[in-house]
Amino acid sequence: KKTRRGSASFYTPSFETDLLRRERLIRDLKTAEERGEFHLAFQPIVSLDDRTINGFEALLRWQHQDFGPVSPAEFIPLAEESGVISPIGEWVARKASQVAADWPETIRLSINLSPRQFDEPGLAATLLAILAENRFAPDRLTVEITETALIENDGAALSVIERLRAEGVRVALDDFGTGFASLSYLTRFPFDVVKIDQSFVRHSERHRQADHVIASICDLAEKLGLDTVAEGIETQEHLGRVRRAGCRRAQGYLFGRPESAADCATRIALQTLDAASLPPASRVFA
Ligand code: C2E
Ligand code: MG
Ligand code: MG
Ligand code: MG
């Protein structure tokens with residue numbers, strides 16, 4: 001392709017294409033669920049004490065009729081802007097708790113909440129009703145919230161968090177360490193879990209410095225009585241580093257990619273079988 005690199009016209013066609021795609025996605029998001037284009041993927045969260053899976057995070061997937069798979073990093077912000085995130089978030093909670101209701105009781109479910117969902121009055125009541133509908137105990141659910149949710153909607157977020165926690169739901173601060181005010185949020189909101197952002201293990205050129213930061217986060221979390229999950233663990237090297245830093249749990253491609261509900265059930269069954277019949281050394285994740 002002959003391009004005039006750096007000239008303004010080089011960007012124009014792609015800018016227009018982007019705009020068209022964006023408009024199309026916004027329009028199609030409204031009916032994506034009805035057309036059956038949404039599904040959930042579940043990614044394992046592993047305890048680093050015994051290397052067993054003790055939870056899964058539900059992650060939304062969109063298979064667009066023309067564009068194919070669209071990443072949540074692209075469509076979640078569009079759903080937020082265009083005001084359709086609340087019904088989509090409810091669909092996620094309903095579907096995920098239906099699936100998780102079949103898991104053993106020791107396995108927890110995490111779902112992500114978007115900032116805009118806190119605008120909806122009665123978010124806590126709606127979520128609790130969905131759990132009850134599916135006979136899924138609230139104390140098996142963790143809701144993951146990023147800092148932006150709190151920045152944008154302080155008061156509403158706090159009352160939702162308190163209401164959910166009163167019923168046993170755990171609250172995780174997602175992507176910890178990427179925002180502007182992480183530390184102050186730890187003291188202002190009653191969290192149960194801190195999820196340490198994947199950038200600390202994955203993109204850091206200066207491992208030694210990054211590891212000191214991870215260790216300090218874990219130390220602080222422990223003092224505050226919070227659980228820690230290291231995100232984005234892709235290699236044994238990553239795993240070794242977060243273990244040494246004192247993280248309690250971990251999530252990442254090393255343990256498993258986000259997978260279908262059926263694959264996730266198989267994984268749980270294998271782990272159960274493994275724990276019952278094989279010596280610990282031959283466990284799947286040992
Ligand atoms: P998140 O909640 O921080 O989820 C973790 C993201 O990291 C997921 O991306 C997951 O696939 C990815 N990931 C996990 N392990 C690894 C790894 O080892 N390496 C790499 N490179 N990536 C890893 P995904 O599924 O594309 O989701 C991106 C973001 O979209 C999520 O970040 C979350 O903020 C948002 N999202 C996804 N599903 C939902 C949803 O149902 N509701 C809302 N509100 N947001 C969602
Ligand atoms: Mg998350
Ligand atoms: Mg995260
Ligand atoms: Mg994220």
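## Exercises: two magnesium ions and ligand 1

In this predicted model, the magnesium ion (ligand 2) is held by E57 (OE), N112 (OD1), E144 (OE) and D174 (OD), at 2.0 to 2.2 Å. Let's work outward from there.

### Exercise 1

Work out how the donors of the magnesium ion (ligand 2) are spaced in sequence, and why the pair E57 and N112 ties together separate parts.

**Solution.**
- Step 1: Write the donor residues in sequence order, which gives the pattern E-x54-N-x31-E-x29-D.
- Step 2: Place the pair on the fold: E57 belongs to strand 2 and N112 to strand 4, so together they tie parts that are 55 residues apart in sequence.

### Exercise 2

Find the protein donors of the magnesium ion (ligand 3), and say which residue coordinates both ions.

**Solution.**
- Step 1: List the donor atoms. D174 (OD), D175 (OD), E231 (OE) and E231 (OE) lie 2.1 to 2.7 Å from the magnesium ion (ligand 3); note that E231 appears twice in this list.
- Step 2: Read the spacing of these donor residues, D-D-x55-E.
- Step 3: Locate the pair D174 and E231. D174 sits in strand 6, while E231 is in the loop between strand 8 (227-230) and helix 10 (236-245), and 57 residues separate the two.
- Step 4: Bring the two sites together: D174 bridges the magnesium ion (ligand 2) and the magnesium ion (ligand 3), which are 3.9 Å apart.

### Exercise 3

Identify the side chains that make polar contacts with ligand 1, and state how much of the ligand's area the protein buries.

**Solution.**
- Step 1: Begin with oxygen atoms of the ligand. One is 2.9 Å from an N or O atom in the side chain of D174, and a polar side-chain atom of D175 is 3.0 Å from an oxygen atom of ligand 1.
- Step 2: Turn to nitrogen: a polar side-chain atom of E234 lies 2.6 Å from a nitrogen atom of ligand 1.
- Step 3: Look at the area. Ligand 1 taken alone exposes 800 Å², and 83% of that is buried by the protein.

### Exercise 4

Describe the surroundings of ligand 1: the pocket, the elements and the residue classes.

**Solution.**
- Step 1: Find the space, which is the largest pocket.
- Step 2: Name the elements that supply two or more residues to the shell: strand 2 (53-64), helix 2 (72-81), strand 4 (108-113) and strand 6 (170-176). Strand 2 contributes the most, with 4 residues.
- Step 3: Sort the shell residues by class, giving 9 nonpolar, 6 polar and 8 charged.
- Step 4: Pick out the nearest of the 23 residues around ligand 1, namely R61, N112, D174, E234 and Y253.

Terms used
Residues are numbered from 1 along each chain as its sequence is written. Chains are lettered from A and ligands numbered from 1 in the order in which they are written. This is a predicted model: local features need pLDDT of at least 70, side-chain atom pairs count only at pLDDT 80 or more; totals for chains, interfaces and linings use all residues. Side-chain values use heavy atoms; hydrogens and water are left out. A residue is near a molecule or strand if one of its heavy atoms lies within 4 Å of it. A polar contact is a pair of N or O atoms within 3.5 Å; within protein, one must be able to donate a hydrogen and the other to accept it, and residues adjacent in sequence count only if both atoms are side-chain atoms. Accessible areas come from the Shrake-Rupley method with a 1.4 Å probe; for residues, only the protein chains shown count as cover. On a 1 Å grid over the protein atoms alone, a cavity is a set of points where a 1.4 Å probe fits but cannot get out, and a pocket is an open set with protein on both sides within 12 Å along at least five of seven lines; lining residues have an atom within 4 Å of a point. A molecule sits in a cavity or pocket if more than half of its atoms lie within 2 Å of its grid points. Ala, Val, Leu, Ile, Met, Phe, Trp, Tyr, Cys and Pro count as nonpolar, Asp, Glu, Lys and Arg as charged, and the others, Gly among them, as polar. Donors are N, O and S atoms within 2.8 Å of the metal (3.2 Å for Na, K and Ca); water is not among the atoms, so sites may look incomplete.
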